[in-house]
Amino acid sequence: MKKLILLLAVLPFILTSCKEKYQSHSFFAMDTFISVDAINADAEILYGLEDLVYDDEKKFSRTFSGSGIYEFNHGANGSVLSDDTTELLIVADELYRNTYGAFSPYMGALADLWDIKNVDPKVPDKAEIDEALKNCDASAVYFENGIPYKTNTELLIDLGGIAKGKSAENCIRYLKENGVENAVISFGGSVACIGHSIKSDNDWSIGIKNPFAVHEVIGSINVTNCYVAVSGAYERNFVKNGIRYHHIFDSGTGYPAESDIESTVIVSHDGAIADGLSTALFVMGSEKALEFWREDIYDFQAIFILKNGDIIVTDGLEDVFTFNNDASYKDGKKLKYEK
């Protein structure tokens, strides 16, 4: 009889452990709302992931006074950066060079001048912009034995355009190391996913926000084991004298990029690259962005939502993209997509 009692005591545990359990957790970090949905990730794992993101924020942030980036920007040099921060800066520098400056981690001085996040932002004078651009010159940064140095003490490194993607990579690696095989993490508008959807055994269905009506989606993509990064003029902007100024700057002019793209979506197996390219290709505009995609320097696919209401989807996403025919454009018109 004792053996039977023991068997019955174990049976509910066996049945429970074989069934997939859904967990969700959310928090605020890196200046955005972050959420994770996972299967078989207990509370300890999810709170550990939160701590990981906070640690990444402290390492990669240029405004956190304890970070290596902050110290580097305010006069320190050489090995003040941690190894992983240096590695991220090297990736960012390579992106700068491969995109001919369309993505730049060296525009901290320009970002400070525009101060888009201010409750009452101002449009700087051209003389102020030209002065700030002198302190955004990538030639002032060089590497010796993998260690960065700078010759202009006024130059401010800003990894904000790539840090979320790198942290997303770190989160996915952490989940895998802790036995989590199926999860999706949202870093504001960007997503990282592994395994299959919580609702089925299929890939994750990732909705793509409509930049012209942010309560809608233009459609969705079915993907897994990848990173989806989004950049758009609609995210942070202000209007002065009827002109909209957004937060994605052109390193050549010092002004918000004048592009025919309203929003860029990048899908890649590399989170940092996806994050950086979503900015770079927005700055390039659709024609140059498509040329860059064809050059195959990086392995990625893209969706471009154009200001004229057209949608361009690269070949590698056509079969997994589902278009929302009701997606709004302007003046009662709908967005246009032809495969």
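Let's start with Tyr 149, which is partly exposed, with a relative accessible area of 23%. Keep in mind as we go that this is a predicted model. The partner to look at is Tyr 142, also partly exposed, at 34% relative accessible area. The ring centres of Tyr 142 and Tyr 149 lie 5.5 Å apart and their planes meet at 20°, so this pair counts as stacked.

How many aromatic pairs does the structure hold? There are 13. Another of them joins Trp 114 and Tyr 245, and this one is tilted, with 5.7 Å from centre to centre and 40° between the planes. I like this pair as a way to find your way around, as it links distant parts of the chain. Trp 114 sits in helix 5, which covers residues 108-114, while Tyr 245 belongs to strand 11, residues 243-246. Along the chain the two are 131 residues apart. Are these two residues buried or exposed? Trp 114 is buried, with 1% relative accessibility, and Tyr 245 is buried too, at 14%. Both also belong to one aromatic cluster, together with Phe 238, Phe 249 and Tyr 255.

Now please turn to His 25, over in strand 1, residues 22-29. His 25 is buried, with a relative accessible area of 11%. Which residues does His 25 touch, leaving aside neighbours within four places in sequence? They are Ile 34, Ser 35, Val 36, Leu 46, Tyr 47 and Glu 50. With Glu 50 there is something extra to point out: the two side chains make a polar contact, at 2.6 Å. To give you a sense of distance, the C-alpha atom of His 25 is 35 Å from that of Lys 334, and these residues are 309 apart along the chain.

Next, the cysteines. How many disulfides does the structure hold? Zero. Take Cys 171, where the nearest cysteine sulfur belongs to Cys 193 and is 13 Å away. Cys 171 is buried, at 0% relative accessibility. Cys 193 is buried as well, with a relative accessible area of 1%. Why is Cys 193 not bonded to Cys 226, which holds the closest cysteine sulfur? The two sulfurs are 4.1 Å apart, and that is too far for a bond, because a disulfide needs them within 2.5 Å.

Last stop, the empty space inside. Rolling a probe the size of a water molecule over the atoms is how we see where space is left. Here the count comes to one cavity of 30 Å³ or more, and its volume is about 80 Å³. What lines this cavity? There are 13 lining residues, and those nearest the centre are Gly 165, Ala 168, Ser 190, Val 191 and Val 228. If you prefer to think in elements, those that give two or more residues to the lining are helix 7 (163-177), strand 6 (190-194), strand 9 (226-232) and helix 8 (271-284).

That's my tour, and I'm happy to go back to any of these spots on the screen.

Terms used: Residues numbered from 1 in each chain as written. Predicted model: local features only at pLDDT ≥ 70, side-chain atom pairs only at ≥ 80, totals over all residues. Heavy atoms only, no water. Buried < 20%, exposed > 50% of the residue type's maximum accessible area, 1.4 Å probe, protein only. Helix = DSSP H or I, 4+ residues; strand = E, 2+ residues; numbered from the N terminus. Contact = heavy atoms within 4.5 Å. Polar contact = N/O pair within 3.5 Å; in protein donor to acceptor, adjacent residues only side chain to side chain. Phe/Tyr/Trp six-rings, centres within 6.5 Å; stacked < 30°, edge-to-face > 60°. 1 Å grid on protein atoms, 1.4 Å probe; cavity = no way out; pocket = protein on both sides within 12 Å on 5 of 7 lines; lining within 4 Å. Points joined across faces, edges and corners; volume = space filled by probe spheres on them.
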